[in-house]
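Hi everyone, thanks for making time for this. I'd like to walk you through one structure today, so please take a look at the screen.

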Amino acid sequence: MEEFSNFLTEIVDADLAANPGLKVHTRFPPEPNGYLHIGSAKAIFINYMVAKKYGGLFNLRYDDTNPAKEDTEYVESIREDLEWLGATPTGGVYYGSDVFDKCYEFAVKLIQDGKAYVCDLTADEMREYRGTLTQPGKESPYRNRSVEENLDLFERMKNGEFEDGAKTLRAKIDMSSSNINMRDPAIYRITRKHHHRQGNKWVIYPLYDYAHPIQDALEGITHSMCSLEFENHRPLYEWVVDNIGFEAPPKQREFARLNVTRTVMSKRYLRQLVFEHYVDGWDDPRMPTLCGLRRRGYTPSAIFDFVQRAGISKSNSLVDIGMLEHCIREELNETAERRVAVVDPVKVVLTNYPEDQEEYFELPNHPNHPELGTRKVPFTRELYIERSDFMEEAPKKFFRLKPDGEVRLMQSYVIKCQEVVKDEAGNITELRCTIDPETRGCNPPDGRKIKGTIHWVSAKYAYEADLCLYDYLFTKENLGDLGEDESFLDYINPESLVVMKKCKLEPSLADAKEGERFQFVRTGYFCKDTKNANTFNRIVGLKDSYGK
């Protein structure tokens, strides 16, 4: 991977130059209301790599301030994903909810300082009072309540004396600010929801823009790096830490999110795909979730390589999913051992090969890495080849098997097709061929040229498995560019999964471990599925057209 350097590291460099004793400390703060996705990997990568580059600390903090959709299932999945990526939280694992007492204490301080008040406006009224981008807001009629009244009401809010949504606590800032986020934003709301960690202790919960900077400050975060949509929230972030009075406040800086073609990364959309059964779960290999990519066969190194190549900047862009495929293909070309699989088999009978004869051929596990050794593959009278490797009425430049034509079986013999056997419907069921016994591992001694080579599997020893051939989940490139009457569901690809049943694989694949990756020669890169026995998932095809 290239040296990690970008505009964010330049900011850290400048901070370290001004304060050489600064200990860099970053965090990744996911909300546990869904599974992490490829976009999350960018935030993880940035925060983890900044800490690593400067010998600092990296925290995992669960932003569990909204109990409505949070669940321990998501908490566990997030931790599993970070461990898989290798982004170890060297600074510790934290929960935003663990500092709810401090958040409440600081809110009381803001009230005492005349910088927060309890407001009775409804959500609709607050929106109306808030104003627009061109019109200033109006002050709430409850804005000038006394400190004593606000303290009493806020405590009663905490004690559950009011209905959900009946009151909020708002920061008293500036209703005429050009930044709408500074127009007396709500910092606490009443909601009676069971919390996955705090149970029913609280009926009031701090809002993200208030709780997040407090959590950063209490954990000693120096650089709070988040996506670009929080840039307009930065003044509020700074207002909170300044007015609470933290001595060494964290610094928030923003970067552009990762947007990828033919992909959605909105948690709302991903939840819809899962709960409405358009996919078979969060870890469906067509999903952009990290668990889906992991099950598909992607590696942490390929994902981080993709993030690095896609670039880290403040400019929004749409990255071609082909770049992600290029990264994993490039890696697996070097690391994946080769195996033979016949996806759509047709039987070949070698009529001049003895029925009881068997022999073994040594095939390299990797043509470019002899240190990975070889394996023995059985050869018998009956074999399977790809149906597409035979053509009854072949064009001139078809260099595979055809009637009266010759082809080399990979690493073994040259064969010639003598007869085509069909069923009553006219489907080819068997090819009867002869071998040239003098071509074992060599060219014909008489000098005739054999232009084609195809792969094969022994029928007697074939391991039978299903292959899942995955394609893009969506047919539209830019799903962020939908018309008013369009839904992202309109573009679901009906061919995003094709399952090839009873494929014929070389026998060594019967011992493949879950998640183990291979290149199936002439077919693509596959991994053993982690949920379904005798199933392999196509990670990516062999052909790489990215950047061409």
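How many disulfides does the count come to here? Before I answer, one reminder: this is a predicted model. The count comes to zero disulfides.

Cys442 shows the reasoning nicely. A disulfide needs two cysteine sulfur atoms within 2.5 Å. The closest cysteine sulfur to that of Cys442 sits in Cys433, 19 Å away, so the distance is too far for a bond. As for its surroundings, Cys442 is partly exposed, at a relative accessible area of 34%. Cys119, on the other hand, is buried, and its relative accessible area is 0%.

Let's go to the inside. Which residues have the most contacts inside the largest nonpolar core? They are Phe28, Ile44, Leu82, Phe306 and Ile539, in a core of 51 residues. Helix α2, residues 38-53, supplies the largest share of this core, with 10 residues. There is also a second, separate core of 35 residues, and Phe100, Val108, Ala211 and Leu236 are among them.

Now zoom in on Leu82, please. Leaving aside residues up to four places away in sequence, Leu82 touches Phe28, Leu36, Ile44, Phe58, Leu60 and Ala87. Phe28 and Ile44 were on the list of residues with the most contacts inside the largest core.

Next to Leu82 in the sequence is Asp81, which lies in helix α3, residues 72-85. Is Asp81 buried or exposed? Asp81 counts as buried, because its relative accessibility is 1%, and the cut-off for buried is under 20%. Again leaving out residues up to four places away in sequence, Asp81 touches Leu36, Leu290, Cys291 and Arg294. Leu36 is also a contact of Leu82.

On to the pockets. Rolling a probe the size of a water molecule over the atoms shows where empty space is left. The largest pocket holds about 950 Å³ of space. Its lining has 34 residues, and those nearest the centre are His37, Ser227, Glu229, Arg257 and Met265. Two or more lining residues come from each of β1 (25-28), α2, β8 (223-227), β10 (259-260) and α9 (267-275). Helix α2 gives the largest share, four residues, and you'll remember α2 from the largest core as well. By class, this lining has 17 nonpolar, 11 polar and six charged residues.

The second largest pocket has about 650 Å³ of space. Of the 37 residues lining this pocket, Arg296, Ile321, Glu325, Asp471 and Tyr472 are closest to its centre. Here the elements giving two or more residues are α9, α10 (290-296), α12 (321-335) and β27 (535-540). Which element gives the largest share of this lining? That is α12, with five residues. The classes here are 20 nonpolar, six polar and 11 charged residues. Do notice α9, which appears in the lists for the largest pocket and for the second largest pocket.

One last stop: Met126, in helix α5, residues 123-130. Met126 is buried, with a relative accessible area of 17%. Not counting residues up to four places away in sequence, its contacts are Leu121, Thr168, Arg170 and Ala186. The C-alpha atoms of Met126 and Pro185 are separated by 9.4 Å, although these residues are 59 residues apart along the chain.

That's my tour, and I'm happy to go back to any part of it with you.

Technical notes: Residues numbered from 1 in each chain as written. Predicted model: local features only at pLDDT ≥ 70, side-chain atom pairs only at ≥ 80, totals over all residues. Heavy atoms only, no water. Buried < 20%, exposed > 50% of the residue type's maximum accessible area, 1.4 Å probe, protein only. Core = buried A, V, L, I, M, F, W, Y, C linked by side-chain atoms within 4.5 Å. Contact = heavy atoms within 4.5 Å. 1 Å grid on protein atoms, 1.4 Å probe; cavity = no way out; pocket = protein on both sides within 12 Å on 5 of 7 lines; lining within 4 Å. Points joined across faces, edges and corners; volume = space filled by probe spheres on them. Nonpolar A, V, L, I, M, F, W, Y, C, P; charged D, E, K, R; others polar.
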